[in-house]
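Okay, thanks for making room for me today. I'll walk through one model, sheets first and then the helices that sit on them.

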Amino acid sequence: MKRVYPYLLVILAAAAIVPAKANAQDETTRPNIVFVFADQLRADTLGYAGDEKAITPNLDKFADQAVRFTNAVSVMPVCAAYRASLITGKYPSSTGMVINEINMNPNHRTIAHVLADAGYDLGYVGKWHLNDQHGRPTPKGPERMGFDGFWAAYGFNHQSYRSYYFTDGADGELKRVDLSGKYGPAEFTTVAMDYMDRAAKGNKPFAVFLSWNPPHDPWIQKNVPKENYAKFKDVEFPLPENFKPIADAYMDRYPWLAFDRERKWKEKFLDGGLQECLRCYYGMVNNLDEQFGRIIERLDKLGIAEDTIVVFTSDHGEMFGAQGRMYKLTFYDEAARIPLLIRYPKSVKGGTSDACINTPDIMPTLLGLAGLGSEIPKGVEGADLSFILRGEDGQQPAAAFLQGMGHTYRWIDGFEWRALRDKRFTYAKYLRDGKELLFDRQNDPESKNNVVDEPSYKEDLERLRDRMTAKMKGLNDGFHPCSWYRDNWMHKNYSIKSAARGEFGPLKPIEPKRK
């Protein structure tokens, strides 16, 4: 019997994206899923990853129990593009989520739809960031992309002591819950734990997604708990080995202290503000470690840790002056690499994998690990790599393909790129001027030397070029300027109506509120 969502009743054709429900007799044996992800957390700023300044004892312990993916990357290192790919298993060129602050198209079969049809109780807590206005709530219906269970979320907000969320009231109407004066990430963790307490008492498996906003900027003392900041207040952070005193010309936006692109980049920000930013950043990470420890402790207390898949990850990293850049939206490792830890004691032994796992792979991999590999939607473009977690043999991706489709949040041309990252090399190309970059990370871990013109790398360059060209062709990725996507893929500039596979349907694009 097909599961029919209320908002699809008016369109019979929508049944094509809602396949048959998984066998009901399997529901009680499926694992719970706790998916926890931070925002702008680098893969290397954690104790288990070798950072001696980080204070992350809970994550360090968890890393010893989990499979740690050392080559995990964000398919497009900005928030909304990652989130759209995470829940759909598709590339940004297929979701159409090419910048932040646009409305995702509702015509996708997401991980939430699959889990719900398999009998899961669903919860979503924290940052959502898949619509066109920061403060706009996400109403029940297609905009929630299948997360039709417990909802305690907001669009965008990084002022952690001025947090809030929207949830469904008893009358069915959305209500706003104000958390002002409290530290938002801790409150959202409590909300998720309360949900877990309730869901664990039921007769269905549950899946909860907990999205934290730190360690996203602003990196200021009033945005991090005093006790966490205090641990780093006297710490001095060296500039990265691949630091450049001149700002990168391909960076799409600059720090709030660096409005003068050249002089203030060095004098006002890197020589002054960066140290304070890092102290706040590491304090935020320390607090998230504490929150994660609470989640793990609660699973143990509930007696369900053995039967629960726990994922810890991030949407992307942060440059912090490396390569002459700040923020994200680049193929360099500081922004593109993410932590990815997956623990499932019942079926998975801890260990390390260097597989080139990418954001679109996470959805099918989780479904495969949960025994739902046969339910992976037809349109998914990522690979089910759950065999790695089970310690089995299988075909790993040769490389991860990354897309930079424009500016972080504005329709401005000139910052588009594509990249391919395998276990040794990073190859990238900018649209603006056709510039190519090739880094041999095996011999140059900091990617300081562009070897694209060195004869000894000619065969590697051609191989990576050909592989990226083939991947783009397979995705129908035309590599256009950012404004082209606005003019061809958007409804009223800020709602997605089409993408590389064509126009979406049958549900109409969301009517934008942003002007």
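So, to start: which strands does helix α11 lie across, and at about what angle does α11 run to β13? Helix α11, residues 458–475, lies across β11, β12, β13 and β14, and its angle to β13 is about 60 degrees. Keep in mind that we're looking at a predicted model here.

Let's stay with the sheet under that helix. It's an open sheet of 4 strands, ordered β11-β12-β13-β14, and the pairing is antiparallel. At the edges we have β11 (400–404) and β14, each of which pairs on one side only. On average, neighbouring strands in this sheet are turned by 15 degrees against each other, if you ignore direction.

Going through the pairs: β12 and β13 are antiparallel, with 5 bridges. If you want a residue to click on, take Trp 417, whose bridge partner in β13 is Tyr 430. Then β13 (residues 425–430) runs antiparallel to β14, again joined by 5 bridges, and there Tyr 427 has Leu 438 of β14 as its bridge partner. Those two strands make a hairpin with 5 residues between them. In the turn, Gly 434 has a positive phi of about 75 degrees.

Now, β14 is an edge strand, but is it buried or exposed? Buried: 5 of the 5 residues in β14 (residues 436–440) are buried, so the rest of the structure largely encloses that strand. Both faces take part: Glu 436, Leu 438 and Asp 440 point one way, Leu 437 and Phe 439 point the other way, and all are buried. Yes, that list includes Glu 436 and Asp 440.

On to the other sheet. This one is also open, with 10 strands in the order β6-β5-β4-β3-β7-β1-β8-β9-β2-β10, and the pairing is mixed. The edges are β6 (174–178) and β10 (351–353); each has a single partner strand, so one side of each has no neighbour in the sheet. The twist averages 15 degrees from one strand to the next.

Within that order, look at β1 and β8. Strand β1 (residues 32–38) pairs with β8 (residues 308–314) in the parallel sense, over 7 bridges. Val 36 has Phe 312 as its bridge partner in β8. Step along and the sense changes: β8 and β9 run antiparallel, joined by 4 bridges, with Val 311 opposite Ile 342 in β9. Next, β2 (residues 67–69) pairs with β9, also in the antiparallel sense, over 2 bridges, and Arg 68 stands opposite Leu 341. As for the side chains of β9, Leu 340 and Ile 342 go one way, Leu 341 and Arg 343 go the other, and all are buried.

What packs on this sheet? Helix α2 (residues 79–88) does, touching β1, β3 (121–127), β7 (206–211) and β8, with its direction at about 165 degrees to that of β1. Helix α9 (residues 359–369) lies across β1, β8 and β9, and runs at about 165 degrees to β8.

How many residues of α2 are buried? 10 of its 10, so to speak the full set. Among them are Arg 83, Tyr 82 and Ile 87. Just after the helix, Gly 89 takes a positive phi of about 75 degrees.

The two helices also meet each other. Their axes are 6 Å apart and the packing angle is about 30 degrees. With a cut-off of under 35 degrees, α2 and α9 therefore count as roughly parallel to each other. The crossing is right-handed. On the α2 side the contact uses Tyr 82, Ser 85, Leu 86, Ile 87 and Thr 88, and on the α9 side Thr 359, Pro 360, Ile 362 and Met 363.

One last helix, α12 (residues 482–489). Here Cys 482, Ser 483, Tyr 485 and Trp 489 are buried. Looking down the axis of α12, those buried residues fall within an arc of 165 degrees, so they line one face of the helix. What covers them includes α3 (92–95), β12 (417–421), β15 (490–491), β16 (495–496) and β17 (498–499). And β12 takes us back to the sheet I started with, β11-β12-β13-β14.

Definitions and conventions
Residues are numbered from 1 along each chain as its sequence is written. This is a predicted model: local features need pLDDT of at least 70, side-chain atom pairs count only at pLDDT 80 or more; totals for chains, interfaces and linings use all residues. Side-chain values use heavy atoms; hydrogens and water are left out. Two strands pair if DSSP finds at least two bridges between them. Axes are lines fitted to C-alpha atoms, for helices over the stretch in contact, and angles run from 0 to 180 degrees between N-to-C directions. Contact means heavy atoms within 4.5 Å. Buried means under 20% relative accessible area, exposed over 50%, partly exposed in between (1.4 Å probe, protein chains only). The arc is that of the directions from the helix axis to the C-beta atoms. Angles under 35 degrees count as roughly parallel, over 145 as roughly antiparallel, 65 to 115 as roughly perpendicular and the rest as oblique. A crossing is left-handed if the near helix is turned anticlockwise from the far one by less than a right angle, and right-handed if clockwise.
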